[in-house]
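Student: Could you take me through one part of this model closely, strand by strand?

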Amino acid sequence: MSTVDAPTSGQATRTARSPRWLRRVLGLLAVLGPGLIAANAGNDAGGILTYASAGAQFGYRTLFLLVLITVALVVVQEMCSRLGAYTGEGLGALIREQFPLRSGAAAMALLFVANAGLTVSEFAGVGAAMELFGVSRYVVIPVALAAIWGVTVMGSYSRAERVCLLMGLVFLAYPLAAVLAHPHWGAVASNLVWPHFLHTKAFLLLAVALIGTTITPYMQFYLTSAVVDKGVTPRTYKSERFDTVNGAILGDVVSIFIIIATAAAIGGTGPLRSVSQAAGALRPVAGAAASQLFAFGLLGASLLAAAVVPLSSAYAIAETAGSPRSLSRKLREAPVFYGVYTVQLVIGAAVALLPGNLVELVINSQVLNGFITPVLLTYVLILANRRSVLGDAVNGPVFRAIATVCVGVVGVLSAGVLAQTVAGWF
Amino acid sequence: MRARRERAARERVAARALEGSLLSLAALLGNTVKDADGHDIGALRDVVVQWTAEISYPAVSGIVIRSGERDVLINSRWLEFSAPGTVRLHSTRAYARAVKRGSGTVALAHDVLDHQVVDSGGAQIVRPADVYLATVGGRVELVGIEVGVHALLRRLGPKRLRGRIRPQRVIDWASVDGFAPRPGVDAPTPRSRSRFAGRPGAGIELRARAADVRPLRPSEVETALKRKGTAQDREPA
């Protein structure tokens with residue numbers, strides 16, 4: 001199949017009249033394509049503020065952790081896209097078919113809770129971004145809720161998505177900011193290859209938040225469905241795998257630079273308390289405009305994710321229930337889909353309106369995701385280990401061992417921190 | 001508005017009436033199967049039908065039970081079903097065989113329940129929350145699949161309510177064309193109807209387009225079952 005495909009794409013390149021450099025860039029983008037977009041979309045309010053908080057509180061210490069998380073992310077996302085390519089079904093559908101109904105319903109309930117937490121943090125991101133422009137969150141968040149619902153349900157979602165994605169590209173300035181801030185490169189290198197863990201509760205909580213924000217459950221559902229929607233089959237899976245792995249690594253490279261940039265600018269000053277602190281890390285690039293630039297990017301990324309996260313819950317839950325799901329349907333035709341979407345949006349906006357520190361709220365919802373991630377990853381792992389699901393593409397013994405260790409370590413860490421947190425209440 | 005309410009009430013009555021005549025796969029699954037002397041012989045794991053091209057309503061050919069560490073198949077000739085979800089052996093000397101998938105075999109829990117139903121164009125439309133069987137002319141046949149949401153809630157709820165079968169929206173099994181492979185896989189023609197049953201991503205393919213699929217209401221199920229019963233009676237044995 002690939003031998004048939006190759007000449008056609010070659011011809012298309014030859015007949016194109018754009019200059020060579022542009023073609024190269026476009027070619028590169030086409031290769032990096034969906035993976036990169038998905039990876040950068042992962043840099044939402046939760047991601048950026050959690051990475052910034054890691055840099056502010058612990059300097060370079062969390063870098064090694066992020067390297068480990070990247071390995072786990074690559075392993076998990078490879079399994080998800082393989083499941084999509086070989087079965088032609090999303091994770092929700094596979095869970096419905098392969099697990100007892102009650103386990104499937106439990107998975108969906110957990111996904112709903114995790115995503116509700118994320119939606120809260122996206123609305124908090126919208127509020128925090130606009131506070132940098134001097135607008136109260138009590139005005140912005142209700143407006144954002146109405147705008148998101150209106151645009152997705154009645155307007156043109158795809159155009160709005162493009163605008164938001166472009167706004168989010170601001171965060172690609174972090175690598176530059178990291179370099180210009182003259183970080184201690186020796187310390188960066190040693191922290192990347194050698195663990196510098198701290199056995200404190202704050203460090204462990206942040207570790208769980210980093211896991212939760214990097215290996216978000218919703219991203220795995222989203223990725224699997226995207227692979228299916230693209231029509232990837234076992235024969236075309238190889239290039240898809242390249243995309244997936246690349247996307248996971250690229251996204252985390254940006255995350256690592258966010259930590260480095262923040263560590264260099266405000267490292268060791270304690271936990272992040274406000275968004276303007278995080279914006280300070282962009283000062284080497286943007287100077288006095290850093291705050292506005294950061295707010296602009298945060299607004300775009302948060303608005304997009306505030307729509308995407310509830311949409312992903314709605315798709316997954318409707319898929320599992322076997323009911324119609326698509327933004328192109330009328331409200332009455334897809335009650336489960338629109339119902340889940342609307343309820344989750346409203347919960348997200350309502351919680352974000354409660355008084356309290358927005359940055360703290362954002363990071364706490366990442367911790368919640370971190371607790372739920374290993375449970376949902378276990379479903380993915382079981383599916384990818386089943387020969388009856390994947391046939392010859394089932395996890396081999398080595399991959400299986402690596403994947404089990406990844407999920408196991410994440411699980412033990414989350415369970416430990418959860419136990420410690422609960423014990424702290426009494 | 002009033003006509004609508006009356007219709008809903010009629011359907012509720014019909015749905016209740018069907019409780020005594022329909023067997024539900026969801027209610028059957030997991031139940032302990034006993035032999036004629038009342039000894040437990042294992043938990044029911046699946047119900048198997050034999051489906052070949054000519055039959056609209058395939059008959060149950062056996063059940064799969066978990067006996068000790070392994071699954072065994074018991075032929076339907078030893079079995080006695082009663083609505084809504086009981087099955088027992090009417091003998092103490094039934095033979096169990098190893099489970100093997102032959103041509104025409106469809107395992108209802110493994111291949112049908114919770115799997116996707118696709119229309120004639122391959123678009124996924126719904127997932128069966130239950131599978132209905134009925135005793136017609138002395139044998140148990142697969143008659144339809146439930147696509148209403150109540151059955152899903154019934155399965156999630158407490159076990160003692162699992163026998164409260166209330167059909168809601170039922171797709172007649174006669175309107176099922178066969179099992180379709182996952183998109184992107186070419187099916188050989190002519191293909192047997194059950195060939196792709198149980199494969200990952202396989203769908204239960206209907207003859208009609210999604211827009212033309214109209215699940216039966218309880219009263220229609222009742223009428224269809226009555227008609228089937230009388231047609232069977234008229235047939236010479």
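Tutor: What follows is a close look at one sheet in chain B. This is a predicted model, in which local features need pLDDT of at least 70, side-chain atom pairs count only at pLDDT 80 or more, and totals for chains, interfaces and linings use all residues. Residues are numbered from 1 along each chain as its sequence is written, while chains are lettered from A and ligands numbered from 1 in the order in which they are written.

The sheet is open and has four strands in the order β11-β10-β16-β15 of chain B, with mixed pairing; strands are DSSP runs of E with at least two residues, numbered from the N terminus, and two strands pair if DSSP finds at least two bridges between them. At the edges stand β11 (124-126) and β15 (176-180) of chain B, each with a single partner strand, so one side of each is left without a neighbour in the sheet.

Starting from β11(B), its pairing with β10 (residues 117-118) of chain B is antiparallel and rests on two bridges, with Val117(B) standing opposite Val126(B) of β11(B). Strand β10(B) is also joined to β16(B), here in parallel and by two bridges, and Val118(B) has Glu205(B) as its bridge partner in β16(B). On β16(B), the pairing with β15(B) is antiparallel and has four bridges, Ala180(B) having Gly203(B) as its bridge partner.

Within β16 (residues 203-206) of chain B, Gly203(B) and Glu205(B) point one way, whereas Ile204(B) and Leu206(B) point the other way, and all are buried, a residue being buried if 20 or more other C-beta atoms, placed from the backbone, lie within 10 Å of its own.

Notes
A residue is buried if 20 or more other C-beta atoms lie within 10 Å of its own, exposed if 12 or fewer, and partly exposed in between; C-beta atoms are placed from the backbone.
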